Amino acid sequence: MYEFDYHKAVSVDDALKSLTSASDGKLLAGGMTLLPTMKQRLASPDVLVDLAGIDDMKGIRKEGDQIVIGAMTTHAEVNLSALVQKEIPALAELAGLIGDPQVRNRGTIGGSVANADPSADYPAALVGLNATVTTNSRSIAADEFFVDLFETALDEEEIITSVSFPLARRAAYMKFPNPASRYAVVGTFVAELADNSIRVAVTGAGGSVFRQAEMEAALGKSFTADAIEGIAVDGDEFNEDIHASAEYRAHLVGVMARRAVAKIA
Ligand SMILES: Cc1cc2nc3c(=O)[nH]c(=O)nc-3n(C[C@H](O)[C@H](O)[C@H](O)COP(=O)(O)OP(=O)(O)OC[C@H]3O[C@@H](n4cnc5c(N)ncnc54)[C@H](O)[C@@H]3O)c2cc1C
């Protein structure tokens, strides 16, 4: 580690002020990604702005037909929330599949979404459920939020304050986890939304979460695992690493999608 200033913000405005006055300030949420990155010197902020003291950024509530989750809400809180379990059980279940108990007790939805790891689980839920990311200055639809590998639509000094998930008719998430970290080698979130539209969102396979349009169209005609059985997934641009080849990931997209549909059915 090296020297840096630490500021525990008391409000979103206070965090923003501290961030904009630093030459290379960074927001600290659960620290599950940021602190190891700093230890490896891949990031060296001069100021760390801790969001943990901002009560407005915590908690889960229902607003009309949306579940609104504060950015500083931990994965464990989402997993154990009676409200999320009742209204969007697939989302509660997804949060419970993230990492290990330590990661779930520290990691936050805002930190995960801002980090946009290509193998993270939440991006699949945000895109699958047509969620909206709210920041200190605007609202961003999930479809526009995730841009590329570790890249989002967030401006340099923009703070996620919450994520809103519309209630779905039915949804399920299935992932093939990396056995060590539990990150998704491939994860597929399938949802039928309130307007009857179908979404199939895939994480882990490509540089960023994406929708599988062919499967969405097939499931729109017949919501069965058989309906997507023959759909070939093009893995040419997929991730390739020691855990799985691009070809294997392409195969897993179909397997996970069919398992998610079967689970819903
Ligand atoms: C061993 C291990 C296993 C893991 N397994 C999984 C897994 O299976 N699935 C999975 O999805 N994830 C996994 N993770 C990631 C984990 O879930 C965390 O969510 C993730 O590391 C980031 O969340 P955080 O709250 O710790 O953010 P931090 O590490 O504090 O921050 C991450 C980045 O987001 C920025 N940021 C944080 N909050 C905000 C905000 N409100 N607005 C704007 N920017 C912000 C920070 O500045 C930083 O750049 C794993 C992590 C570890 C260490």
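**Exercise 1. Which domains is the protein divided into, and which residues does each hold?**

Solution. The protein is divided into domain 1 (5-50) and domain 2 (58-264), with bounds that come from an automatic or database domain assignment. The structure is a predicted model, in which local features need pLDDT of at least 70 and side-chain atom pairs count only at pLDDT 80 or more, while totals for chains, interfaces and linings use all residues. Residues are numbered from 1 along each chain as its sequence is written. Next, take the contact, where two residues count if their C-beta atoms, placed from the backbone, lie within 7 Å: 11 residues come from domain 1 and 13 residues from domain 2. On the side of domain 1 that touches domain 2, helix α1 (residues 12-21) gives the most, with five residues; helices are DSSP runs of H or I with at least four residues, strands are runs of E with at least two, and both are numbered from the N terminus.

**Exercise 2. Is R41 buried or exposed, and which is N130?**

Solution. First recall the cut-offs: a residue is buried if 20 or more other C-beta atoms, placed from the backbone, lie within 10 Å of its own, exposed if 12 or fewer, and partly exposed in between. R41, in the loop between α2 (34-39) and β3 (47-50), has 9 other C-beta atoms within 10 Å and is therefore exposed. N130, in the loop between α8 (122-128) and β6 (132-135), has 20 C-beta neighbours inside 10 Å, so N130 counts as buried. Finally, turn to phi: R41 has a positive value near 60°, and N130 has a positive phi of about 60° although it is not a glycine.
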